[in-house]
Amino acid sequence: MRAYCERGDPGFWAEPVNALTNAAFPIAAGLAARRARGDGAVLALAAVTVVVGIGSFLFHTLANRWSMLADVIPIAVFIYGYFALAMARFFGFRPAAATALTLAFAALSFGLTPALDALTGRSVSALTNGSIDYAPAILALLGVGLALLGRAPGTARSVLATAGIFLVSLTFRTVDAGICARLPLGTHFLWHVLNALVLYRLLLAATRFRA
């Protein structure tokens with residue numbers, strides 16, 4: 001399964017840079033865990049961050065269908081787990097309400113791509129190299145950041161800056177498929193490095209807000 005420029009053959013180490021840059025995730029998780037100081041929710045999401053790196057490493061080495069699931073499922077767990085934490089911690093929603101809001105966000109997220117496909121009559125996911133699936137996450141970061149401006153300006157600025165980093169990261173993921181002829185290495189590895197930074201900053205924002 002060739003999904004990114006760097007893979008030129010079916011071998012295990014056909015994507016060495018894409019595979020090895022996944023080390024950024026456990027590094028980010030370790031740094032965040034050091035700052036968490038017993039914060040159970042952040043420590044749990046730091047553990048998910050490690051799994052994100054492992055799953056992505058498996059996909060960029062094995063490149064088959066089950067490793068693709070190992071790649072995308074932990075990312076989804078982090079997105080919805082952090083959304084629930086944000087609803088509870090940043091906005092004070094009780095667990096039931098935070099859970100309901102997270103389920104609604106998940107439903108909207110899963111429904112976005114089929115809705116866009118129906119509206120355009122084309123596969124938006126194929127046109128964006130699958131990056132459209134992350135649009136709800138960026139919108140959620142922007143929404144949370146803007147909503148926090150009045151009550152926690154420091155956290156709001158941090159979340160909004162992180163949304164900007166995520167947008168740059170997503171751009172590198174999107175353009176990877178179209179530049180293989182000019183840049184065989186591609187740009188997907190930058191998605192890994194910047195995404196690890198995004199997850200670290202989000203975990204740090206939650207830790208600081210709690211403190």
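**Figure 1. Surroundings of the buried residues of helix α4 in the predicted model.** The elements that cover the buried residues of α4 include α3 (40-62), α5 (95-120), α7 (135-148) and α9 (188-210). The buried positions of α4 are Ser67, Asp71, Pro74, Ile75, Phe78, Tyr80, Tyr82, Phe83, Leu85, Ala86, Met87 and Arg89. Helix α4 comprises 25 residues (residues 65-89), for which a rise of 1.5 Å a residue predicts a span of 36 Å. The C-alpha atoms at its ends are 36 Å apart, in agreement with that expectation.

**Figure 2. Packing of helix α5 against helix α7.** The axes of α5 and α7 are 9 Å apart and make an angle of about 140°. Angles over 145 degrees would count as roughly antiparallel; the two helices are therefore oblique to each other. On the α5 side, the contact is made by Phe105, Ser109 and Leu112. Helix α7 contributes Ala135, Pro136, Ala137 and Ala140. Sorted by class, the residues of this contact are six nonpolar and one polar, with no charged residues.

**Figure 3. The disulfide between Cys5 and Cys180.** The model contains one disulfide, in which the sulfur atoms of Cys5 and Cys180 are 2.0 Å apart. The torsion about the S-S bond is about -90°, so the disulfide is left-handed. Cys5 belongs to the segment before α1, whereas Cys180 belongs to the loop between α8 (153-175) and α9; the pair therefore ties together parts that are 175 residues apart in sequence. Cys5 is buried, at 3% relative accessibility. Cys180, at 23%, counts as partly exposed, because the limit for a buried residue is under 20%.

**Figure 4. Environment of Asn18 in helix α1.** Asn18 lies in α1 (residues 16-20) and is buried, with a relative accessibility of 0%. Neighbours within four places in sequence are set aside in the following list of contacts. Asn18 is then in contact with Tyr4, Glu6, His60, His188, Phe189 and His192.

**Figure 5. Positive phi values at Arg37 and Ala63.** Arg37 is not a glycine, yet its phi is positive, at about 55°. This residue is situated in the loop between α2 (24-36) and α3. Its relative accessible area of 73% makes Arg37 exposed. Ala63, likewise a residue other than glycine, has a positive phi near 55°. Ala63 is placed in the loop between α3 and α4. With a relative accessible area of 8%, Ala63 is buried.

**Figure 6. Contacts of Ile165 in helix α8.** Ile165 forms part of α8 and is partly exposed, at 21% relative accessibility. When residues up to four places away in sequence are not counted, Ile165 touches Leu194, Leu197, Val198 and Arg201. One of these partners, Leu197, is separated from Ile165 by 32 residues in sequence. The C-alpha atoms of Ile165 and Leu197 are 8.3 Å apart in space.

Technical notes: Residues numbered from 1 in each chain as written. Predicted model: local features only at pLDDT ≥ 70, side-chain atom pairs only at ≥ 80, totals over all residues. Heavy atoms only, no water. Helix = DSSP H or I, 4+ residues; strand = E, 2+ residues; numbered from the N terminus. Expected span 1.5 Å × (residues − 1). Buried < 20%, exposed > 50% of the residue type's maximum accessible area, 1.4 Å probe, protein only. Contact = heavy atoms within 4.5 Å. Axes fitted to C-alpha atoms, helices over the stretch in contact; angles between N-to-C directions. Parallel < 35°, antiparallel > 145°, perpendicular 65-115°, else oblique. Nonpolar A, V, L, I, M, F, W, Y, C, P; charged D, E, K, R; others polar. Disulfide = S-S within 2.5 Å.
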